[in-house]
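User: I would like a close look at one part of this model, the largest nonpolar core and the aromatic rings around it. Please explain each term as it comes up.

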Amino acid sequence: MGRGAHFLVLSAAILVGCGSEPGTGGSDLVVWGGPGLGNGEFRQPRAIGVFEDEVYVIDTTGRVQVFNLGGEFLRKWSTPDSKNGTPTAIGFSRTGNVIIPDTHYHRILEYTKSGELIRTWGTYGTGESEFIYPTGVVLSGEGTYYFSEYGLKADRIHVFDRDRRFRTQWGKTGEGEGEFNRAMDIGMDEQGAIYVADTTNHRIQRFDSSGTFLGIIGRAGTRPGELNFPYDLAVAPDGSILACEYGNHRISRFSPDGKFIGCHGRPGRRPGEFNGPRGVAVSKEGFVFVADTDNHRIQRLRSEDVH
């Protein structure tokens with residue numbers, strides 16, 4: 001790890017669920033990072049993604065840092081510019097190309113796994129092939145791009161084919177079914193259902209791949225099963241949905257049809273606690289990685305620990 005970086009592995013006495021009392025975790029909790037600019041250090045990490053056995057993290061300096069699943073630093077690069085703001089999500093093609101919605105620059109960046117910029121596309125606007133603030137991305141098995149987006153009444157899901165040609169879009173600003181208020185992330189399960197973190201409406205919406213509304217997960221609140229600014233989401237290997245709650249400082253877990261399963265975390269700085277988390281990703285092994293944003297670190301747990 002880089003100079004000044006912090007690295008911690010705990011096997012017991014970690015916080016689980018949403019309660020206020022420490023408990024015993026079912027698996028090791030790994031914590032790495034700390035405030036700074038060195039390798040393995042962060043300034044408010046927020047975008048996080050996993051491809052195969054590597055974890056990709058972007059913080060507010062625009063650095064893309066790559067780690068193994070245990071938190072060991074591997075390599076890094078930087079996005080072209082970060083003065084206006086930095087990306088909020090990371091996606092991947094089937095071959096491992098890194099897809100980054102460059103939120104505050106109204107474009108999409110595509111890199112190789114080693115950090116070579118191979119493509120930039122998109123321009124500012126509300127048209128069919130334009131972006132205001134693209135926030136999240138997921139690719140289907142056929143290579144179709146699905147983006148979440150907000151800004152200037154452009155709260156929508158934007159869909160492009162594998163050659164980056166516009167296909168369709170759905171959604172508008174609002175509070176009704178199929179409407180969004182700052183859609184901050186998007187995910188897809190193995191059946192092709194689409195999940196959208198409808199952040200300022202404090203809920204997750206579910207659609208089929210063509211945009212047909214299927215249901216709502218969660219509602220505004222602070223109690224278990226309620227959501228408070230879900231900034232990010234991830235689909236676990238078992239099909240459950242993990243919601244990263246910035247406002248409630250926790251990770252909540254739901255079944256695809258919206259049944260609450262459990263949650264993990266509370267406000268704080270100790271391992272197992274979170275301070276304004278903004279990103280969550282899950283590996284095929286079931287490791288859950290949380291961008292513990294205002295604690296300037298990454299935490300790793302398992303999906304079964306969110307109960």
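Analyst: What follows starts with the core, goes on to the rings, and ends with the empty spaces.

The model is predicted, so local features need pLDDT of at least 70 and side-chain atom pairs count only at pLDDT 80 or more, while totals for chains, interfaces and linings use all residues. Residues are numbered from 1 along each chain as its sequence is written, and side-chain values use heavy atoms, with hydrogens and water left out.

A nonpolar core is a set of buried Ala, Val, Leu, Ile, Met, Phe, Trp, Tyr and Cys residues joined through side-chain atoms within 4.5 Å. Buried means under 20% relative accessible area, exposed means over 50%, and partly exposed lies in between (1.4 Å probe, protein chains only). The largest core has 15 residues, and those that touch the most other members are Trp32, Ile48, Val55, Val57, Phe67, Phe289 and Ile298. At least two residues of this core come from each of strands E2 (29–33), E3 (47–51), E4 (54–58) and E26 (287–292). E26 gives the largest share, three residues. Strands (E, at least two residues) and helices (H or I, at least four) are DSSP runs, numbered from the N terminus.

Take valine 57 as an example of the packing. Leaving aside residues up to four places away in sequence, valine 57 touches Phe42, Pro45, Ala47, Ile48, Arg63, Val64, Gln65, Phe67, Ile90 and Ile298. Here a contact is a pair of heavy atoms within 4.5 Å. Another core, of 14 residues, lies apart from the largest one; Val31, Ala236, Phe274 and Val290 are among its members.

Next come the rings. A pair of aromatic rings is described by the distance of the centres and the angle of the planes. Rings of Phe, Tyr and Trp (its six-membered ring) pair if their centres lie within 6.5 Å; planes under 30 degrees apart are stacked, over 60 edge-to-face, and the rest tilted. The structure holds 25 such pairs. One of them joins phenylalanine 42 and phenylalanine 67, which are tilted, at 5.8 Å centre to centre with 50 degrees between the planes. This pair links distant parts of the chain, 25 residues apart: phenylalanine 42 is in the loop between E2 and E3, and phenylalanine 67 is in strand E5 (residues 63–68). Both phenylalanine 42 and phenylalanine 67 are buried. Ring pairs also join Phe42 and Phe67 with Trp32, Phe73, Phe287 and Phe289 in a cluster.

One ring of that cluster has a charge over it: the charged end of arginine 300 sits over the ring of phenylalanine 287, 3.9 Å from its centre. The term applies if NZ of Lys or CZ of Arg is within 6 Å of the ring centre and within 35 degrees of the ring normal. Likewise, the charged end of arginine 278 sits over the ring of tyrosine 231, 4.5 Å from its centre.

Arg278 and Tyr231 also line the largest cavity, together with Arg46, Thr88, Met184 and Asp232. On a 1 Å grid over the protein atoms alone, a cavity is a set of points where a 1.4 Å probe fits but cannot get out, and a pocket is an open set with protein on both sides within 12 Å along at least five of seven lines; lining residues have an atom within 4 Å of a point. Grid points are joined across faces, edges and corners, and a volume is the space filled by probe spheres set on the points. The largest cavity holds about 40 Å³, and the largest pocket about 1200 Å³. Strand E3, which supplies residues of the core, gives the most to the lining of that pocket, with five residues.
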